[in-house]
Amino acid sequence: MSLSTVLIANRGEIAVRIARVAADLGMRSIAVYSDVDAEAPHALAADEAYRLPGTSPAETYLNAPAILEIALRAGADCIHPGYGFLSENSSFARDAIAAGLTWIGPNPETIDSLGDKVSARRIAESVGAPLAPGTSDPVDTWEQARDFAEEHGLPIAIKAAFGGGGRGLKVVSQMNEIEDAFESAGREAKEAFGRPECFVEKFLTKPRHVEAQVLADQHGNVAVLGTRDCSTQRRFQKLVEEAPAPFLSDKQREAIVEGAREVCRKAGYVGAGTVEYIVSEDGTVSFLEVNTRVQVEHPVTEAVTGIDIIAEQFRIAAGQPLSFQGDPTSEGHAFEFRINAEDVAHGFVPCPGTVTTFEAPLGPGIRVDAGVRAGSTIPGVYDSLLAKLIVWGPTREVALARARRALREFRIEGVRTVLPFHREIVNHPALTGDHLGIYTDWVDKEYTPTLGESPEAIEEAYTERTTVSIEIDGRLHTVGLPSSLLSLSTPPAASGTAGAAGGSGASASSAAGEGDVACPYTGTLVAWKVEEGEEVSEGQAVATVEAMKMESNVTAPRSGTIHLLTTPGEAVERGTALARIQ
């Protein structure tokens, strides 16, 4: 069987990546785009692009009937779902196959058995993989989660049963937080994956996140392309990945690799997939889940193995064997840095807006997979990922040195990004030392920005600058000056954007004043946690706001009587007064 035309059921950098691989293989590519993505790079990278009317995920990239109709109308013979959205939706896979299209991924039955984390746990147990305590089935109520916590102790993890990537994952350390966490995890899971079911698992403290990349064809070959460490996360969403996973014993590495192979073999897996583990503080390896699709971090594995994982996905779907035999060896070391539109100075809050400058680094071992360019609008309804910086070196030390240079050179303006965090982390002993001091919630619990000693100094990292070259006594010097000083840009208060790694975000139409509960970022008010006229305490969580598929609590800036100014479902801008406390 040969494939000639692929419908890419996704957006952003992964859609661009798939379109480019399709071109390498001599295939025609078809993109889909929402109203806000009409001029996005992924729509222009494909040979053809078709509109999905609307903006929200449900109207667009989760609209399975509309996507299938476009695929058939445009003459596609296969569908590549990328990651996120419908990539792990077995119903969509079945409908695509029923429509005569080839699904670039595992068969629907495998998606059901491994994509369902509860079923995956059973398979892992059957092949002898170690497991932390967890519920055998999804739980229906928060009270069941509370009962599990009472039996096994805190902390617990409430996790979406379908999907991954940190969406629908809440770690709870206090009994009185279980109800809110359970409801929030269900909402996030429903928004991201279309299904709200969650299960509960004992959360092991200070765990590393280590995974194995698997490729399995229709001829019985199950290859493991080595390991990755993805422990640098915030809110259980990955920020930095590296391959191979460092500082593992031979016994740990063998357990991870062979466990991944046997889980996939037992499930009859075909395609690209990832088997994830946690490695606890005491060295215990415990099976976590299986992602039945290509992952965001697949390029770090490509960098050390030389294997194009997306191209292999096409080969496997076409019925061809893998292009290599056995498990490939890793050469050198690679890092991937996710460049998200998030404000590090304010707790990694989402920062939608318009990218005014996008200048990627160059040099040996440097690769950038981007879903944006200068002029791209970053909407608040999708994921915050803008691009990925992948850096390879012959050793981990050289890869880190190249990463430091590349991150210094990377320039994005118009929206705030996590670049300041990355520039710090590649010099932090928790990452660069002789052991990995980072664990999955290290950023949330231990990381403090050292960009400066005051909030003003931290904000300075986001000040848009213009580099001026000056020659003194025959030697060239470069000086970075705030652009507003040179009148080269509109001041942030007027334009609503700023920042060397991005802007300050949209200025609020109803700016919060003293005693007001200010919205931390542009998004949607999901729910109030308090009633009109209720007495609240300083620091108390009073509301939930969502943007870019992430929910965050908004806290009271002082104690007093709260008066609500907005209603759930309203779109709110950063700095908007959500409520007033008297």
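This passage walks through some sheets, helices and buried side chains of the structure shown above. The model is a predicted one, and the values below are computed from it.

We can start with the helix pair H5 and H6. Helix H5 covers residues 108-115 and helix H6 covers residues 117-126. Their axes lie 5 Å apart and cross at an angle of about 85°, which makes H5 roughly perpendicular to H6. On the H5 side, the residues that meet the partner helix are Asp 112, Ser 113, Leu 114 and Gly 115. On the H6 side they are Lys 117, Ser 119, Ala 120 and Ile 123. Sorted by character, the residues of this contact come out as three nonpolar, three polar and two charged.

H5 itself is mostly covered, with six of its eight residues buried. Those six are Pro 108, Thr 110, Ile 111, Ser 113, Leu 114 and Gly 115. Ser 113, Leu 114 and Gly 115 thus turn up both in the buried set and in the contact with H6. The cover over the buried residues of H5 includes H6, along with helix H4 (90-98), strand S5 (102-103), helix H9 (250-266) and strand S13. At the start of H5, a side-chain oxygen of Asn 107 comes to within 3.1 Å of the backbone nitrogen of Glu 109.

Strand S13, one of the elements covering H5, spans residues 285-291 and holds Glu 289. How buried or exposed is Glu 289? Its relative accessible area is 7%, so Glu 289 counts as buried. The side chain of Glu 289 makes a polar contact of 3.4 Å with the side chain of Asn 291. Asn 291 also has a side-chain polar contact with Gln 295, at 2.8 Å.

Gln 295 sits past the strand, in the loop between S13 and helix H10 (298-305). Despite that loop position, Gln 295 is buried, with a relative accessible area of 2%. Besides the link to Asn 291, the side chain of Gln 295 has a polar contact of 2.7 Å with the side chain of Thr 274. Leaving aside residues up to four places away in sequence, Gln 295 touches Tyr 83, Glu 211, Arg 228, Lys 238, Thr 274 and Glu 276. Thr 274 therefore appears both among these neighbours and as a polar partner of Gln 295.

Another buried loop residue is Thr 417, found between strand S22 (411-413) and helix H13 (419-425). With 0% relative accessibility, Thr 417 counts as buried. The side chain of Thr 417 reaches the backbone nitrogen of Leu 419 at 3.2 Å. Thr 417 and Val 349 are 68 residues apart in sequence, while their C-alpha atoms are 9.8 Å apart in space.

Turning to the sheets, three strands make up an open antiparallel sheet in the order S7-S6-S8. The edges are taken by strand S7 (169-172) and strand S8 (198-202), each of which pairs on one side only. From one strand to the next, the twist averages 20°. Strand S6 (residues 156-160) pairs with S7 over four bridges in the antiparallel sense, and in this pairing Ile 158 stands opposite Lys 170. Helix H7 (residues 142-152) packs on the sheet and touches S6 and S8, its direction making about 10° with that of S8.

A second open sheet has four strands, again with antiparallel pairing, in the order S25-S32-S30-S27. Strand S25 (516-518) and strand S27 (535-536) stand at its edges with a single partner strand each, so one side of each has no neighbour in the sheet. For S25, the partner is strand S32 (residues 577-581), which pairs with S25 in the antiparallel sense over three bridges. Here Ala 518 stands opposite Ala 577.

Finally, there is a hairpin formed by S28 and S29, with two residues between the strands. Strand S28 runs over residues 541-547 and strand S29 over residues 550-555, and six bridges join them in the antiparallel sense. Ala 547 in this pairing faces Met 550 of S29. In the turn, Met 548 has a positive phi of about 50°.

Note on methods:
Residues are numbered from 1 along each chain as its sequence is written. This is a predicted model: local features need pLDDT of at least 70, side-chain atom pairs count only at pLDDT 80 or more; totals for chains, interfaces and linings use all residues. Side-chain values use heavy atoms; hydrogens and water are left out. Two strands pair if DSSP finds at least two bridges between them. Axes are lines fitted to C-alpha atoms, for helices over the stretch in contact, and angles run from 0 to 180 degrees between N-to-C directions. Contact means heavy atoms within 4.5 Å. Buried means under 20% relative accessible area, exposed over 50%, partly exposed in between (1.4 Å probe, protein chains only). A polar contact is a pair of N or O atoms within 3.5 Å; within protein, one must be able to donate a hydrogen and the other to accept it, and residues adjacent in sequence count only if both atoms are side-chain atoms. Angles under 35 degrees count as roughly parallel, over 145 as roughly antiparallel, 65 to 115 as roughly perpendicular and the rest as oblique. Ala, Val, Leu, Ile, Met, Phe, Trp, Tyr, Cys and Pro count as nonpolar, Asp, Glu, Lys and Arg as charged, and the others, Gly among them, as polar.
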